[in-house]
Amino acid sequence: MQLEVFLEKVSVNHGLNVLVSHLAQAGIEIAALIRQGALQGVTEKMTSTNVQGETQMKLDIRSHELAVAQLRASAVVAGVLSEEEDHPVLFETLDAPFLVSMDPLDGSSNLAINGVVGSIFSVLPNIGVSTLGEQAFLQPGQDQRAAAYLMYGPATLMVLTLGQGTHVFTLDHDSNTFMLTQQTVQIAEETSEFAINASNQRYWAPAMQRYISECLQGADGPRGRDFNMRWCASMVMDVHRILTRGGVFLYPHDRKQPVRAGRLRLLYEANPMSLLVSQAGGESIDGKQPILAIQPDSCHQRVPVLLGAKQEIQRLREYHWQDSDHPQATD
Ligand code: AFP
């Protein structure tokens, strides 16, 4: 079933359907650029940095431009917050029903090794951007109307939730249409696989140290079974693996850079991924509290992210509550 047919079937919100079709179109255009590899200069770095101080790739900027153009053309979006711009881009359609937060090209450092990258989108209701300005983007994740990521791998995928389940579409490159290939994603509650950047281990809080140490002890330790580990350094790919074969994705609070609570951005990484995971039966916390309940305080805020298989996330939550020395994620 084509994406557009699916949308007509499951959603009566015509504006939202139009918006999702434009996100899909942006994905098709970005996928076409990425497929050209070095022929499109995808590995070229810019001299500029984004608001996070990270060096931008040429393709970060091109992806941002393509996505902004599609969202503007949809006429149902009032403004876009992007990882690539300090402040939201506001459109002439200031009273349009939706706002979008996005990371137009997540994991872009993987382009240099021809690795998998993605685009992440969070759709929020427009609660009055014309009067509130960028404050209008500071809504908790539980208010999202939709969330999606595009994954540019061997196949191009769109993984989407409109708040009633998580669905997977695969791009047919011949017809440039997304076809439904998995109607309902369900994350297994149990797992023996975790994803974490273990090079930060010495900076983790005791709760995290305990959890990973117990996993590593495997069958000889308190967990009584062996665990496997994966880390792609591309959130879209790591989360997609969890949606597909289970597991947990962990980017915890660490003391490496004390001024920031975590590495990942709340509004365009943690929130949309948390909605997709929760709609697939998984859970998502920052250590102690659900990510989707966090009231954002700034557009590019970072948070710790622990998400995936329910039983493991519940265990991690318990460890963090027991660990009284652990600083609150919002400290
Ligand atoms: P880049 O977009 O700079 O490649 O960062 C990717 C990312 O935001 C996310 O996709 C990864 O999960 C995470 O950073 C990887 O972080 P580490 O490099 O610290 O492992």
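An open sheet of eight strands (strands being DSSP runs of E of at least two residues, numbered from the N terminus) follows the order β4-β3-β5-β6-β7-β8-β9-β10 with mixed pairing, two strands being paired if DSSP finds at least two bridges between them. Its edges are formed by β4 (89–90) and β10 (177–182), each of which pairs on one side only. Within this sheet, β6 (residues 117–125) and β7 (residues 146–152) run antiparallel and are joined by seven bridges, with Gly 118 standing opposite Met 151 in β7.

The model is predicted, with local features requiring pLDDT of at least 70 and side-chain atom pairs pLDDT 80 or more, whereas totals for chains, interfaces and linings use all residues. Residues are numbered from 1 along each chain as its sequence is written, and side-chain values use heavy atoms, with hydrogens and water left out.

The ligand is surrounded by 15 residues (a heavy atom within 4 Å), the closest being Asp 106, Ser 109, Asn 197, Met 235 and Tyr 251. This shell comprises six nonpolar, five polar and four charged residues, where Asp, Glu, Lys and Arg count as charged, Ala, Val, Leu, Ile, Met, Phe, Trp, Tyr, Cys and Pro as nonpolar, and the others, Gly among them, as polar. At least two shell residues each are supplied by β13 (248–251) and β14 (264–265). Polar side-chain atoms of Asp 106 and of Ser 109 each lie 2.6 Å from an oxygen atom of the ligand, while for a polar side-chain atom of Trp 231 the corresponding distance is 3.0 Å. Taken alone, the ligand exposes 490 Å², of which the protein buries 85% (Shrake-Rupley method, 1.4 Å probe).

Definitions and conventions:
Polar contact = N/O pair within 3.5 Å; in protein donor to acceptor, adjacent residues only side chain to side chain. Helix = DSSP H or I, 4+ residues; strand = E, 2+ residues; numbered from the N terminus.
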